[in-house]
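Got a moment to walk through a model together? Have a look at it before we start chatting.

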Amino acid sequence: MYHRFMQPLRIAIQWCFLLFSLYLGVRLFGFVRYCRSGGTAAFVPRADGIEAFLPISALVSLKGWITSGAINTIHPAGLVIFLTVIAVCWLLKRSFCSWICPVGTLSELLWKAGFRLFRRSVRPPRWIDIPLRGAKYLLLLFFLWSILIAMAPDQVASFITSDYNKLADVRLMDFFLHLNGIPLITIIVLLIAALPVRNPFCRYLCPYGALVGLVSVLSPVKVTRERTICVSCGVCTQVCPSYIPVMQKDRVFSEECIGCWRCISHCRAEGALEMKLTGRRVVVSGLVFAALVVGLFWGGSLLGRATGHWHTGIQLPEYLRLLTY
Ligand code: SF4
Ligand code: SF4
């Protein structure tokens with residue numbers, strides 16, 4: 001009860017990031033329209049930060065950074081955001097998924113709508129759930145192996161400087177603006193599945209979620225239950241969007257915990273469920289947790305700007321060349 005403010009606060013932060021993502025998308029759309037018009041449409045500057053939606057490019061950038069020692073100038077913000085997300089989830093569980101990621105926000109909106117509609121959420125049986133959860137790790141392995149291991153340094157360099165990578169953000173935007181065929185059907189199926197099942201894309205298919213989930217196991221903060229105060233009501237287990245049986249845990253180590261605080265916010269026994277540091281003594285307050293999630297995420301981008309690894313080095317004439325048909 002005494003953590004009830006955490007859910008409105010988290011949802012407000014989620015929606016701020018979602019609206020900010022839309023703003024970045026609108027800016028990119030205006031910029032591309034200007035370039036494709038050959039410079040005759042109204043000029044809208046491209047906003048750096050849209051690279052948050054290019055994790056594969058960021059992974060190639062990471063390999064390039066490791067092999068060459070330099071952060072590339074094509075999409076430096078992509079690597080900065082990627083590393084920031086890893087740092088946030090290492091320190092604060094998979095909080096990126098439940099506080100910042102726009103896909104997580106839309107997914108939560110859908111399963112809550114489904115819950116209102118059907119008055120329950122469906123938990124897929126274990127024999128489906130476990131293999132499906134493995135799918136995101138297979139996707140992650142595929143990307144890690146093909147980029148970090150199989151890609152030679154010269155291939156990395158040529159990918160980073162390729163026209164394909166330079167326009168990766170534009171291609172992604174075009175993909176969503178002209179959805180049809182199998183991709184459209186897949187997205188519709190995922191949207192429908194997200195009504196009865198909680199966060200199916202994040203749980204089964206997102207390789208980014210798989211990566212930050214593994215990193216989050218090392219997080220020093222975890223949901224911690226105090227057996228002597230807990231009244232075994234089961235509410236924490238019921239409200240968990242990741243289907244974690246919180247009531248049966250002393251400390252939630254699961255890589256599926258997205259640090260959403262729903263279990264803590266709904267717990268009726270004060271002190272039974274807290275976010276605690278390793279050692280189970282130090283309680284992390286909700287406000288501190290929220291401030292750290294937002295502060296670290298913005299701090300990463302500020303650090304990127306301060307060190308000159310934020311703005312793309314692609315100049316306007318090059319964008320005009322690449323985008324004018
Ligand atoms: S255990 Fe608690 S914080 Fe973790 S995902 Fe479930 S409800 Fe959210
Ligand atoms: S909601 Fe709180 S009191 Fe109820 S089972 Fe979970 S930890 Fe125990």
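What follows is a short chat about ligand shells, salt bridges and a surface patch.

This is a predicted model, where local features need pLDDT of at least 70, side-chain atom pairs count only at pLDDT 80 or more, and totals for chains, interfaces and linings use all residues. Residues are numbered from 1 along each chain as its sequence is written, chains are lettered from A and ligands numbered from 1 in the order in which they are written, and side-chain values use heavy atoms, with hydrogens and water left out.

Visitor: How many nonpolar residues are in the shell around ligand 1?
Guide: The shell takes residues with a heavy atom within 4 Å of the molecule. Among them are Cys240, Cys257, Cys260, Cys263 and Trp261. Ala, Val, Leu, Ile, Met, Phe, Trp, Tyr, Cys and Pro count as nonpolar, Asp, Glu, Lys and Arg as charged, and the others, Gly among them, as polar. On that split, two residues are polar and one is charged, and the nonpolar count is nine.

Visitor: And around ligand 2, how many are nonpolar?
Guide: Its shell includes Cys230, Cys233, Cys236 and Cys267, along with Arg225 and Met247. Two of the shell residues are polar and one is charged, while the nonpolar ones number eight.

Visitor: Which residue forms a salt bridge with Glu108?
Guide: A salt bridge here is a side-chain nitrogen of Lys or Arg within 4 Å of a carboxyl oxygen of Asp or Glu. Glu108 sits in helix α5 (residues 102–118; helices are DSSP runs of H or I, at least four residues), and its partner is four residues away in that helix, about one turn. Glu108 is buried at 8% relative accessible area, buried meaning under 20%, exposed over 50% and partly exposed in between, with a 1.4 Å probe and protein chains only. The closest N and O atoms are 2.6 Å apart, and the partner is Lys112.

Visitor: How far apart in sequence are the parts tied together by Arg203 and Asp129?
Guide: These two form a salt bridge, with the closest N and O atoms 3.0 Å apart. Arg203 lies in helix α11 (residues 200–205) and Asp129 in helix α6 (residues 126–149), so the pair ties together parts separated in sequence by 74 residues.

Visitor: Which helix gives the largest share of the nonpolar patch?
Guide: The patch, about 520 Å², is made by Trp90, Leu91, Leu218, Val288, Leu292 and Leu296. Patch residues have over 30% relative accessible area and no salt bridge; like charges are joined within 9 Å, nonpolar side chains (Val, Leu, Ile, Met, Phe, Trp, Tyr) within 5 Å. Both α3 (76–91) and α15 (286–306) supply at least two residues. The largest share, three residues, comes from α15.

Terms used:
Accessible areas come from the Shrake-Rupley method with a 1.4 Å probe; for residues, only the protein chains shown count as cover.
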